[in-house]
Amino acid sequence: MTLAALVLAATFTRSMERVSSMDPAFSQAVYDSRAVQLVYETPLEVDYYARPYKLTAGACELPEVSADGLVYVFRMRDGCPAKAQDMVRSLERLRDPELVSPNGWMMKSVDTVRATDDRTVEIRLKSRCHFFPWLMAMSPSSVILPDGSGTGPYVLSSWRKNHEMVFKRRKEAPGAFDTVRYLVVDDVTTQWLMFLKGEIDFLGEISKDNWDAVMGKDGNLDPALAAKGIRLYAIPSMDVFYLGVNMKDPVLGPNRKLRQALNAAFDYPEWERYFRGRILPADGPVPPAVPEGRLETPFSYAFDLAKAKRLMAEAGYPDGIDPKTGRRLVLTLSIGRATQASREMGELLASFYEKIGVKLELSFMTWDAFMKAVDEGRVQMFNMGWVGDYPDAENFLQLFHSRNVSPGPNHSCYVNPDYDRAYDAALAAPTAEERNRHWRECQEILREDCPWVFTHFGMANSLVQPRVGNYVPSDFPYGQEAHFHENPVH
């Protein structure tokens with residue numbers, strides 16, 4: 001084997017969307033978190049193997065918790081070069097008023113963070129927060145050393161924006177990949193051809209256009225791919241996709257009937273056909289993959305074109321006509337990527353609303369410009385998804401609390417005092433049963449208010465080359481490449 005081949009064999013390569021920031025305090029998209037947690041360690045980690053998911057040691061051991069649930073004591077893991085003061089400084093950055101981190105919400109429940117010695121951190125909460133330990137496994141909580149570096153398994157070796165990121169392992173590990181390459185490949189056909197040629201090792205998002213080539217007629221992996229040792233994994237994913245409504249918008253914000261009509265006009269059966277059946281219908285913000293607290297009753301504004309037309313009339317737009325202008329109502333949907341797939345989806349959405357007389361105009365932006373516009377409330381509607389940070393209904397329902405409005409995760413700027421009261425009651429509930437009752441009340445309110453058009457829940461489908469060993473599909477793939485090893489391929 002040549003030297004070049006040996007170097008290639010030690011490298012794991014995958015296609016990846018653009019990473020916006022490697023600063024943990026500013027990591028928002030799932031792609032940011034995947035990169036950040038290769039370089040930095042979070043205080044805790046999600047156990048790569050455990051199902052149902054559970055937490056395990058990261059930069060710290062699992063914490064000791066006071067009887068009242070208000071004090072968490074973290075001790076740095078043996079061998080971790082970071083000090084307690086590094087963890088304190090990293091967490092305090094999230095609520096630094098000069099830094100204005102979009103992840104400051106993670107520290108809302110925290111009163112004080114202090115190092116009691118070089119290896120111990122005490123975190124005192126303002127009030128009980130049953131999910132707080134999960135926040136310490138999210139990328140924004142990463143521990144940063146004084147020089148800005150991390151203690152994770154890899155270092156960022158090179159970064160050519162919009163093209164390639166290369167990570168090098170900090171220390172050699174038997175069988176592990178020494179190098180991880182993230183390639184920005186926008187064209188899904190190019191991604192597919194690269195995978196077939198073995199130029200990329202992992203395809204985490206299979207295009208609908210390539211689905212027929214992946215699946216055989218019997219519903220299993222195509223025999224030709226299986227013969228090569230390629231493996232297909234499919235699991236329901238802990239995420240939700242939606243069309244967000246800017247509740248500050250003078251047209252959509254005050255008009256609940258209009259928002260309900262937009263939901264009822266969303267043609268899920270056609271949407272599912274577009275995705276080749278690889279999705280599930282969304283009936284609210286909490287996906288089926290979340291075990292407790294999900295509302296299971298039917299959604300009143302699921303696809304029903306006749307109902308959508310009635311609601312349009314009740315909203316003051318009979319047949320989609322704006323009474324102020326005598327013309328069709330025009331709404332604008334902002335989309336954060338101008339790919340072929342995003343254009344096709346936008347056009348399909350426009351065709352749904354054409355049927356109720358609404359003209360949906362599409363505004364394509366770069367991802368950075370899109371997020372800035374959403375954070376600043378300069379959009380009317382926006383296409384987005386939310387990937388669960390931890391397996392709790394709260395993680396999805398916090399997207400609607402008034403204290404989390406943009407630039408926090410409540411990008412719709414939804415404000416409803418009744419919702420806030422139910423949400424806060426859930427947080428204060430002494431038992432899971434009582435908490436889940438309040439979570440269901442929150443979802444009932446949201447289903448009526450419709451601050452989103454609920455489009456779908458995801459299914460995670462991934463293809464893996466035979467040379468990649470120890471891959472386990474997970475809703476928490478952040479830094480997962482550190483667990484991979486190289487299979488010998490003959």
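**Figure 1. Surroundings of Ile123 in the predicted model.** In this predicted model, Ile123 is in contact with Leu70, Val71, Tyr72, Phe74, Met87, Leu91, Val110, Thr112, Val113, Phe132 and Met136, leaving aside its neighbours within four places in sequence. Ile123 belongs to the largest nonpolar core, which has 134 residues. The members of this core that touch the most other members are Phe74, Ile123, Phe132, Phe167, Trp271 and Tyr353. A second core, separate from that one, has 15 residues, among them Met194, Val214, Met215 and Leu225.

**Figure 2. Helix α3 and the Arg89–Asp86 salt bridge.** Helix α3 spans residues 84–93. Its buried residues are Ala84, Asp86, Met87, Val88, Ser90 and Leu91, and what covers them includes β5 (71–75), β6 and β7. Within the helix, the side chains of Arg89 and Asp86 form a salt bridge with an N to O distance of 3.0 Å. The two residues are three apart in sequence, about one turn of the helix. An α-helix has 3.6 residues a turn, so residues three or four places apart point the same way. Asp86 counts as buried because its relative accessibility is 7%, under the 20% limit. Arg89 has a relative accessible area of 35% and is therefore partly exposed.

**Figure 3. Arg119 in the loop between β6 and β7.** Arg119 is located in the loop that lies between β6 (110–117) and β7 (120–125). With neighbours within four places in sequence left aside, Arg119 is in contact with Phe74, Arg75, Met76, Arg77, Cys80, Ala82, Lys83 and Ala84. One of these residues, Ala82, has its backbone oxygen 2.9 Å from the side chain of Arg119. Arg119 is classed as partly exposed because its relative accessible area is 32%, which falls between the limits of 20% and 50%. From Arg119 to Leu94 the C-alpha to C-alpha distance is 21 Å, and the two residues are 25 apart in sequence.

**Figure 4. Helix α2 and the strands packed against it.** Helix α2 covers residues 30–39 and is mostly covered, with 10 of its 10 residues buried. These are Val30, Tyr31, Asp32, Ser33, Arg34, Ala35, Val36, Gln37, Leu38 and Val39. They pack against five listed strands: β1 (11–15), β8 (154–160), β9 (164–169), β10 (179–183) and β18 (381–387).

**Figure 5. Ser15 in strand β1.** Ser15 lies in strand β1, one of the strands against which the buried residues of α2 pack. With a relative accessibility of 9%, Ser15 counts as buried. Beyond residues up to four places away in sequence, Ser15 touches Leu183, Val185, Gln191, Ile200, Phe202 and Leu203.

**Figure 6. The Glu164–Arg181 salt bridge.** Glu164 and Arg181 form a salt bridge in which the closest N and O atoms are 2.7 Å apart. This pair links distant parts of the chain, with Glu164 in strand β9 and Arg181 in strand β10, 17 residues apart. Glu164 has a relative accessible area of 11% and is buried. Arg181, at 25% relative accessibility, counts as partly exposed.

**Figure 7. Further salt bridges.** The whole structure contains 26 salt bridges. In one of them, the side chains of Glu270 and Arg273 meet at 2.7 Å, N to O. Both residues lie in helix α9 (residues 268–274), three residues apart, about one turn of the helix. Glu270 counts as partly exposed at 29% relative accessibility. Elsewhere, a network of salt bridges links Asp283, Arg294, Glu296 and Arg447.

**Figure 8. The cavity and its lining.** A search of the whole structure finds one cavity of 30 Å³ or more. The largest cavity has a volume of about 70 Å³. It is lined by 14 residues, of which Arg18, Val19, Trp159, Met165 and Val184 are the closest to its centre. The elements that contribute two or more residues to this lining are β8, β9 and β10. These strands are also among those that pack against the buried residues of α2.

Definitions and conventions:
Residues are numbered from 1 along each chain as its sequence is written. This is a predicted model: local features need pLDDT of at least 70, side-chain atom pairs count only at pLDDT 80 or more; totals for chains, interfaces and linings use all residues. Side-chain values use heavy atoms; hydrogens and water are left out. A nonpolar core is a set of buried Ala, Val, Leu, Ile, Met, Phe, Trp, Tyr and Cys residues joined through side-chain atoms within 4.5 Å. Buried means under 20% relative accessible area, exposed over 50%, partly exposed in between (1.4 Å probe, protein chains only). Contact means heavy atoms within 4.5 Å. Helices (H or I, at least four residues) and strands (E, at least two) are DSSP runs, numbered from the N terminus. A polar contact is a pair of N or O atoms within 3.5 Å; within protein, one must be able to donate a hydrogen and the other to accept it, and residues adjacent in sequence count only if both atoms are side-chain atoms. A salt bridge is a side-chain nitrogen of Lys or Arg within 4 Å of a carboxyl oxygen of Asp or Glu. On a 1 Å grid over the protein atoms alone, a cavity is a set of points where a 1.4 Å probe fits but cannot get out, and a pocket is an open set with protein on both sides within 12 Å along at least five of seven lines; lining residues have an atom within 4 Å of a point. Grid points are joined across faces, edges and corners, and a volume is the space filled by probe spheres set on the points.
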